[in-house]
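Student: I would like to practise going from computed values to the labels we put on them. Could we work through one structure together?

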Amino acid sequence: MEWLDQVKWDAQGLVPVIAQEATTGDVLMFAWMDREALQKTAELRRAVYFSRSRQRLWFKGEESGHVQQVHDIRLDCDHDVVLLKVTQLGHDPSIACHTGRHSCFFQRLEGNSWNAVEPVLKDPESIYK
């Protein structure tokens, strides 16, 4: 597929991916995709990532139920970063982070320390059983 060949994959065959909430513009998370994950994401219109820790495809929400419905897939000007515009499903308000928060970017630098500034919406112990 020609469109997949236009992506600049890194030495491990991966490309960085940013998931952004379509309605609010909130950046929900950062992850990686390999060629198969990007192809499946485009086909299913559901976010599929490559888990570097598990060394396998990771269908977002496969354990938590917090699925990302994909509305738009974009490639940056250098062809080396993918942006997904998504609707985060599975909980209201939406949860994208494994910590039970809306976004993975919940820590803010304040002075010389990182402080959590977003609430836990659901106890992660109850999400990942």
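Tutor: Gladly; what follows is a set of questions about labels in this model, which is predicted.

Student: Why is the pair F30 and W32 called edge-to-face?

Tutor: Two values decide that. The ring centres of F30 and W32 are 5.4 Å apart, and centres within 6.5 Å make a pair. Their planes stand at 80°, and planes over 60 degrees apart count as edge-to-face, so that is the label for F30 and W32.

Student: And what makes the pair of Y49 and W58 tilted?

Tutor: Here the centres are 5.3 Å apart and the angle between the planes is 40°. Stacked needs planes under 30 degrees apart and edge-to-face needs over 60, so Y49 and W58 fall into the remaining class, tilted. A search of the whole structure finds two aromatic pairs, and you have now met both.

Student: How do you know which of these four rings belong to buried residues and which to partly exposed ones?

Tutor: Set each relative accessible area against the cut-off: buried means under 20%. W32, with 18%, is therefore buried, and so is Y49, with 0%. F30 has 41% and W58 has 21%; partly exposed runs from the buried limit up to 50%, so F30 and W58 both count as partly exposed.

Student: What makes R101 lie over the face of F106?

Tutor: R101 is 3.8 Å from the ring centre of F106. The distance limit is 6 Å, and the charge must also be within 35 degrees of the ring normal; R101 is listed as lying over the face.

Student: Which residues have the most contacts inside the largest nonpolar core?

Tutor: They are V17, M33, Y49 and L84, in a core of 20 residues. Y49 fits the requirement that core members be buried, because its relative accessible area is 0%. At least two core residues come from each of β1, β2, α2, β3 and β6, and β2 gives the most, with four. In soluble globular proteins, nonpolar side chains tend to be buried together.

Student: Which strand gives the most to the lining of the largest pocket?

Tutor: β2 does, with four residues. The pocket holds about 470 Å³ of space and has 21 lining residues, with M29, R54, W58, K60 and H98 nearest its centre. By type, the lining comprises 11 nonpolar, five polar and five charged residues.

Student: What makes the backbone at R45 and Q55 worth a look?

Tutor: Most residues other than glycine have a negative phi, and most peptide bonds are trans. R45 is not a glycine, yet its phi is positive, about 60°; Q55 also has a positive phi, near 55°. R45 sits in the loop between α2 and β3, and Q55 in the loop between β3 and β4.

Student: Are those two residues exposed or partly exposed?

Tutor: Exposed means over 50%. Q55, at 57%, is therefore exposed, while R45, at 35%, counts as partly exposed.

Student: How do you know that the peptide bond between D92 and P93 is cis?

Tutor: Look at omega, which is about 5° for that bond. P93 lies in the loop between β6 and β7.

Student: Last one: why is T23 called exposed?

Tutor: T23 has 72% relative accessibility, and the limit is over 50%, so T23 is exposed. T23 is in the loop between β1 and β2.

Key: Residues are numbered from 1 along each chain as its sequence is written. This is a predicted model: local features need pLDDT of at least 70, side-chain atom pairs count only at pLDDT 80 or more; totals for chains, interfaces and linings use all residues. Side-chain values use heavy atoms; hydrogens and water are left out. On a 1 Å grid over the protein atoms alone, a cavity is a set of points where a 1.4 Å probe fits but cannot get out, and a pocket is an open set with protein on both sides within 12 Å along at least five of seven lines; lining residues have an atom within 4 Å of a point. Grid points are joined across faces, edges and corners, and a volume is the space filled by probe spheres set on the points. Ala, Val, Leu, Ile, Met, Phe, Trp, Tyr, Cys and Pro count as nonpolar, Asp, Glu, Lys and Arg as charged, and the others, Gly among them, as polar. Rings of Phe, Tyr and Trp (its six-membered ring) pair if their centres lie within 6.5 Å; planes under 30 degrees apart count as stacked, over 60 as edge-to-face and the rest as tilted. Buried means under 20% relative accessible area, exposed over 50%, partly exposed in between (1.4 Å probe, protein chains only). A nonpolar core is a set of buried Ala, Val, Leu, Ile, Met, Phe, Trp, Tyr and Cys residues joined through side-chain atoms within 4.5 Å.
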